Amino acid sequence: MALKGGAALAWWWRPGAGRAAAVDAWHIGEHIPERMRIAGFIRGRRYTAWEGGGAGFMLYEARSLDVFHGDAYLARLNDPTPLTRRMLPSLLDARRAALEVGTSLGRGIGGCMLTHTLEPDAHRADDLRRRLACGLLPLAVARPGISGAHLLVPGPDEAGAETEEGRLRRGADRAGEWAVLLEGADRAALRPLAGELMEEVQRWGARTIASDMYRLLYELEADEV
């Protein structure tokens, strides 16, 4: 379905050896509910890799990018719980980005999510954005089994304040990257789109950073938006 709000926080990682189950329990039992109590957060979704190994993807939908730079969120980032302090170093190769919702289409949440991160060619970025927003994404969401198609792009202010949680994470916030998210009923529905998206990105001179498939593990909406 269409994303709720004008911004999203996307976060990818893999767990340290033997830590996958503990990370799942932490996210579901504490981290996502905690974030949903922060003003401006609307919905949190937690995914795990289809191919096993425990690699994860988190998507937080928010009212606007200001939420991720606001006092309420920064206060939480600078006062992590004891469990968060123990768990964050377990997340390896972390990539995290606060992004604006450029385009968001669809109805319903799919059980499978394809995430494609890319670095556009600066001279052709506008053309690629139009092509995705007016071509590939609308066509994708019209297909059987596809429930959502979304383009996330950097906002005007990508710089984030240094925080205590940031110091604990093994990875850095990413600047300048786009994310295309395609969600559907299963991998069979999304596999053809993965190849088409890769070709489209290459055609416009963008560099693919990562393309991965995940299944939905948990979803929670805020009580009040």
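A charge sits over a ring if NZ of Lys or CZ of Arg is within 6 Å of the ring centre and within 35 degrees of the ring normal. Keep that in mind for the first stop on this tour of a predicted model.

Select Arg 95 and Trp 12. The charged end of Arg 95 sits over the Trp 12 ring, at 4.6 Å from the ring's centre.

Keep Trp 12 on screen and add Tyr 47, Phe 57 and Tyr 214: ring pairs join these four residues into a cluster.

Now zoom in on two members of that cluster, Tyr 47 and Phe 57. What is the angle between the planes of Tyr 47 and Phe 57? The planes are at 40 degrees and the ring centres 5.8 Å apart, so this pair counts as tilted. Turn on the cartoon and you'll find Tyr 47 in strand S2 and Phe 57 in strand S3 (residues 56-62), so the pair links parts of the chain ten residues apart. Is Tyr 47 buried or exposed? Tyr 47 is buried, at 0% relative accessibility, and Phe 57 is buried too, with a relative accessible area of 0%.

Stay with the rings, as the count of aromatic pairs comes to eight. One of them is Phe 41 with Tyr 73, so pick those next: their centres are 5.3 Å apart, with 55 degrees between the planes, another tilted pair. Follow the backbone from each ring: Phe 41 belongs to strand S2 (residues 41-49) and Tyr 73 to helix H3 (residues 71-77), so this pair ties together parts 32 residues apart in sequence. Switch on the surface to finish: both Phe 41 and Tyr 73 are buried.

Technical notes
Residues numbered from 1 in each chain as written. Predicted model: local features only at pLDDT ≥ 70, side-chain atom pairs only at ≥ 80, totals over all residues. Heavy atoms only, no water. Phe/Tyr/Trp six-rings, centres within 6.5 Å; stacked < 30°, edge-to-face > 60°. Helix = DSSP H or I, 4+ residues; strand = E, 2+ residues; numbered from the N terminus. Buried < 20%, exposed > 50% of the residue type's maximum accessible area, 1.4 Å probe, protein only.
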